[in-house]
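Hi,

Here is the structure I promised to pass on. Please open it first, then read my notes below with the model in view.

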Amino acid sequence: MSILIFLESSGDGLKRSSYEAITAARAVASGAPLIGITINATEAQIATAGAYGLSQCYNVTGAEWTSFKNSAVAAAVAEAATTCGATTVLFSANATGKDVAPRVAVRLQAGLLPDCTELHGTSTSLEATRPVYAGKASIRVKATTPTTVATLRPNVFTAREDGAVTVAVTTFAPTSSAGMRSTTVTGVSKNEGMLDVAEADVIVSGGRGLKGPENFHLVESLARSLGAAVGASRAVVDAGWRPHREQVGQTGKTVSPTMYIACGISGAVQHLAGMSTSKIIVAINKDKDAPIFKVADYGIVGDVLEVLPKLTQKISSVTGRS
Ligand SMILES: Cc1cc2nc3c(=O)[nH]c(=O)nc-3n(C[C@H](O)[C@H](O)[C@H](O)COP(=O)(O)OP(=O)(O)OC[C@H]3O[C@@H](n4cnc5c(N)ncnc54)[C@H](O)[C@@H]3O)c2cc1C
């Protein structure tokens with residue numbers, strides 16, 4: 001009986017969403033060991049998870065794992081889950097987790113609880129709260145299978161350290177070669193220096209109120225002054241003003257940053273579906289009755305084209321970033 005957590009490495013440590021998943025697991029562990037599984041991570045990266053309560057980690061290594069292969073990773077995670085007798089398998093509900101978790105659930109014949117915002121119960125009887133109807137309601141769900149696979153919405157669970165545990169790292173060599181049937185021929189690399197909305201702590205998003213792509217530099221400047229990522233509504237993505245990777249909402253990315261600043265965005269239900277779990281929402285809109293103000297913690301009624309330069313100037317003078 002244990003909880004297996006899929007961990008992704010990044011820089012010197014792991015992705016923040018991995019620490020969030022370990023913290024969430026701790027709350028429902030009731031004594032069950034927290035075991036990680038990583039793909040080609042370094043010992044130093046894995047060691048950082050000890051501070052969050054991870055006691056053991058399977059590290060899958062080898063040149064064949066350098067490029068990401070969803071089916072192969074799913075086969076490895078499922079095999080690791082069986083090896084350690086996991087009753088709960090956790091992923092972040094990021095792009096990788098959304099891709100791999102359902103495959104693992106099928107392999108384990110386990111129920112899947114996707115995009116959870118709260119975990120309850122214990123590792124042997126896991127329940128979760130998750131948003132439905134584009135975030136208009138939430139439901140409490142439970143799998144009826146012996147093993148449960150769940151994905152956790154990024155940035156909702158706060159990563160908290162819990163003393164220092166030494167992580168016992170085992171090299172894990174999956175016996176099955178299932179899933180190794182494909183290889184990556186071309187890759188898409190991230191734009192250097194640009195934060196991804198799905199991982200950013202602060203997001204400044206622009207909508208049709210910006211009037212045209214030529215005014216988006218105002219959103220970018222505010223984002224730079226805050227060290228934030230730039231997001232966009234679907235209206236401006238469909239109009240070709242911004243790339244799809246920045247779209248927030250039902251058909252874009254789901255985000256839960258510490259602060260979300262919506263500039264010239266009306267607050268249509270499909271947009272709210274992707275950002276309403278943000279911790280602090282700030283809205284700038286010239287229409288005082290715009291629906292975005294219903295979910296906003298702070299609002300500025302005004303013309304974004306006038307408000308943004310002033311706000312950026314003030315914030316830059318405090319943060320020193322411009
Ligand atoms: C199936 C489906 C899926 C969808 N998925 C998504 C999704 O993922 N993400 C998404 O965002 N949308 C999505 N939409 C579209 C959504 O319904 C809205 O059309 C879209 O969010 C509107 O974008 P907007 O707020 O930028 O534009 P608008 O609705 O046109 O709003 C512009 C806002 O800017 C304000 N404004 C205008 N000028 C200024 C100014 N000078 N200063 C300040 N404020 C100003 C206006 O008062 C208005 O509130 C989806 C729709 C459907 C049907």
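**What I found**

Start with helix α4. Its buried residues are G97, V100, A101, V104, A105, R107 and L108. Keep in mind that the model is predicted.

Now place the helix in the chain. Helix α4 runs over residues 95–108 and has 14 residues. From its first C-alpha to its last it reaches 21 Å, close to the 20 Å expected at 1.5 Å a residue. Right after α4 comes Q109, and the phi of Q109 is positive, near 55°.

What covers the buried residues of α4? The cover includes four strands and a helix: β1 (2–6), β6 (86–92), β7 (111–116), β11 (148–152) and α3 (70–83).

That brings us to α3. Helix α3 has 14 residues too. Its span from first C-alpha to last is 20 Å, close to the 20 Å expected at 1.5 Å a residue. Is α3 mostly covered or mostly open? It is mostly covered, with ten of its 14 residues buried. Those buried residues are A72, V73, A74, A75, A76, V77, A78, E79, A80 and A81. Their cover includes β1, β4 (34–39), β5 (56–60), β6 and α4. So α3 is listed in the cover of α4, and α4 is listed in the cover of α3. Strands β1 and β6 appear in both lists. After α3 comes G85, with a positive phi near 65°.

**Two domains**

Next, zoom out. The domain assignment gives domain 1 as 2–171 and domain 2 as 202–319. Their centres, taken over C-alpha atoms, are 31 Å apart. How many residues of each domain are in contact with the other? Seven residues of domain 1 are in contact with eleven of domain 2. The side of domain 1 that touches domain 2 has three nonpolar residues, three polar and one charged.

**Around the ligand**

Last, look at the ligand. There are 27 residues around it, and G207, G209, S233, R234 and G249 come nearest. Which elements give two or more residues to this shell? They are α6 (234–238), α7 (269–275) and α9 (304–319). By type, the shell holds eight nonpolar residues, 14 polar and five charged.

A good order for viewing is α4, then α3, then the domains, then the ligand.

Best wishes

Notes. Residues are numbered from 1 along each chain as its sequence is written. This is a predicted model: local features need pLDDT of at least 70, side-chain atom pairs count only at pLDDT 80 or more; totals for chains, interfaces and linings use all residues. A residue is near a molecule or strand if its C-beta atom, placed from the backbone, lies within 6 Å of it. Ala, Val, Leu, Ile, Met, Phe, Trp, Tyr, Cys and Pro count as nonpolar, Asp, Glu, Lys and Arg as charged, and the others, Gly among them, as polar. The expected span of a helix is 1.5 Å times one less than its number of residues. A residue is buried if 20 or more other C-beta atoms lie within 10 Å of its own, exposed if 12 or fewer, and partly exposed in between; C-beta atoms are placed from the backbone. Two residues are in contact if their C-beta atoms, placed from the backbone, lie within 7 Å. Domain bounds come from an automatic or database domain assignment.
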